[in-house]
Amino acid sequence: MPDLERLAIEHAARAAESPHGRSAHLVLHDGMLRQTVIALTAGTALDEHNPPTAGSVQVLRGRVSLTIAGRQLELSVGELEPVPQERHGLLAHVDSVVLLTAVTA
């Protein structure tokens, strides 16, 4: 099994070096299930996008907000939130790493 702490450290460093302020790594791909570690530097956002069939975001480091129709749902380390079933984005308030779990149809 992957070491999520090691991946969080590695991808936080890669995001810091990236001109786009982000780095991602597909941890698990099993049929329709995907888990991805996503690192974002402070102020970096993932633009609004369509939701997967089902999913969740767990904060491994930092503090982020799910942005949903002009609202922000703030999440801190250890918090787990279902991915909203509407267009949404993700904003890092500080350097952050999340674990995205998604089920695709």
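## A pair of strands to start with

Let's begin in the middle of a sheet: Ala 39 has Val 97, a residue of strand 9, as its bridge partner. One residue earlier, Ile 38 is bridged to Val 98, also in strand 9. These two links belong to a longer ladder, since strand 2 and strand 9 (residues 96–103) pair in the antiparallel sense over 8 bridges. Please keep in mind that everything described here comes from a predicted model.

Strand 2 has another partner as well. Strand 1 (residues 22–30) pairs with strand 2 (residues 33–40), again antiparallel and over 8 bridges. The two form a hairpin with 2 residues between them, and Gly 31 in that turn has a positive phi of about 65°. Beside the turn, Asp 30 has Leu 33 in strand 2 as its bridge partner.

## The whole chain at a glance

What does the chain contain? There are 1 helix and 9 strands. Reading from the N terminus, the elements run α-β-β-β-β-β-β-β-β-β. The radius of gyration is 13 Å, close to the 13 Å that the globule rule gives for 105 residues, so the chain is as compact as a globular protein of that length.

Along its principal axes, the C-alpha trace spans about 35 × 30 × 25 Å. Of the 105 residues, 34% count as buried. The chain exposes about 5900 Å², and carbon and sulfur atoms supply 53% of that area. Contacts also link distant parts of the sequence: among those between residues at least 6 apart, 61% join residues at least 24 apart.

## The five-stranded sheet and its helix

Strands 1, 2 and 9 are part of an open sheet of 5 strands, with the order 1-2-9-4-7 and antiparallel pairing. At the edges are strand 1 and strand 7 (80–82), each of which pairs on one side only. From one strand to the next, the twist averages 20°.

Where does helix 1 (residues 4–17) pack? Helix 1 packs on this sheet, touching strand 1, strand 2, strand 4 (54–61) and strand 9. The direction of the helix makes about 145° with that of strand 1.

## A closer look at Thr 36

Thr 36 lies in strand 2. Is Thr 36 buried or exposed? Its relative accessibility is 15%, and a residue under 20% is called buried, so Thr 36 counts as buried.

Leaving out residues up to four places away in sequence, Thr 36 touches Ala 24, His 25, Leu 26 and Val 27, together with Val 98, Leu 99 and Leu 100. There is a handy rule for picturing a strand like this: in a regular strand the side chains alternate between the two faces of the sheet.

## The four-stranded sheet

A further open sheet is formed by 4 strands in the order 3-8-5-6, with antiparallel pairing. Strand 3 (45–49) and strand 6 stand at its edges with a single partner strand each, so one side of each is left without a neighbour in the sheet. Neighbouring strands here are turned by 20° against each other on average, with direction ignored.

Inside this sheet, strand 5 and strand 6 run antiparallel and are joined by 6 bridges. Thr 67, for instance, stands opposite Gln 72 in strand 6. The loop between strand 5 (63–68) and strand 6 (71–76) holds Ala 69. Ala 69 has a phi near 50°, which is a positive value in a residue other than glycine. With 53% relative accessibility, Ala 69 counts as exposed.

## The nonpolar cores

Which residues make up the largest nonpolar core? There are 12 of them: Ile 38, Leu 40, Val 57, Val 59, Val 64, Leu 66, Ile 68, Leu 75, Val 83, Leu 90, Ala 92 and Val 98. Strand 2, strand 4, strand 5 and strand 8 (88–92) are the elements that give two or more residues to this core. Strand 5 gives the most, with 3 residues.

Val 64 is one of the core residues. Setting aside neighbours within four places in sequence, Val 64 is in contact with ten residues' worth of surroundings that include Val 59, Leu 75, Leu 90, Ala 92 and Val 98. A second, separate core of 7 residues includes Leu 7, Ala 15, Val 37 and Ala 39. Ala 39 brings us back to our starting point, as the bridge partner of Val 97 in strand 9.

Terms used: Residues numbered from 1 in each chain as written. Predicted model: local features only at pLDDT ≥ 70, side-chain atom pairs only at ≥ 80, totals over all residues. Heavy atoms only, no water. Pairing = 2+ DSSP bridges. Axes fitted to C-alpha atoms, helices over the stretch in contact; angles between N-to-C directions. Contact = heavy atoms within 4.5 Å. Rg over C-alpha atoms; globule rule 2.2 N^0.38 Å. Buried < 20%, exposed > 50% of the residue type's maximum accessible area, 1.4 Å probe, protein only. Areas by Shrake-Rupley, 256 points an atom, 1.4 Å probe, with all protein chains shown as cover. Core = buried A, V, L, I, M, F, W, Y, C linked by side-chain atoms within 4.5 Å.
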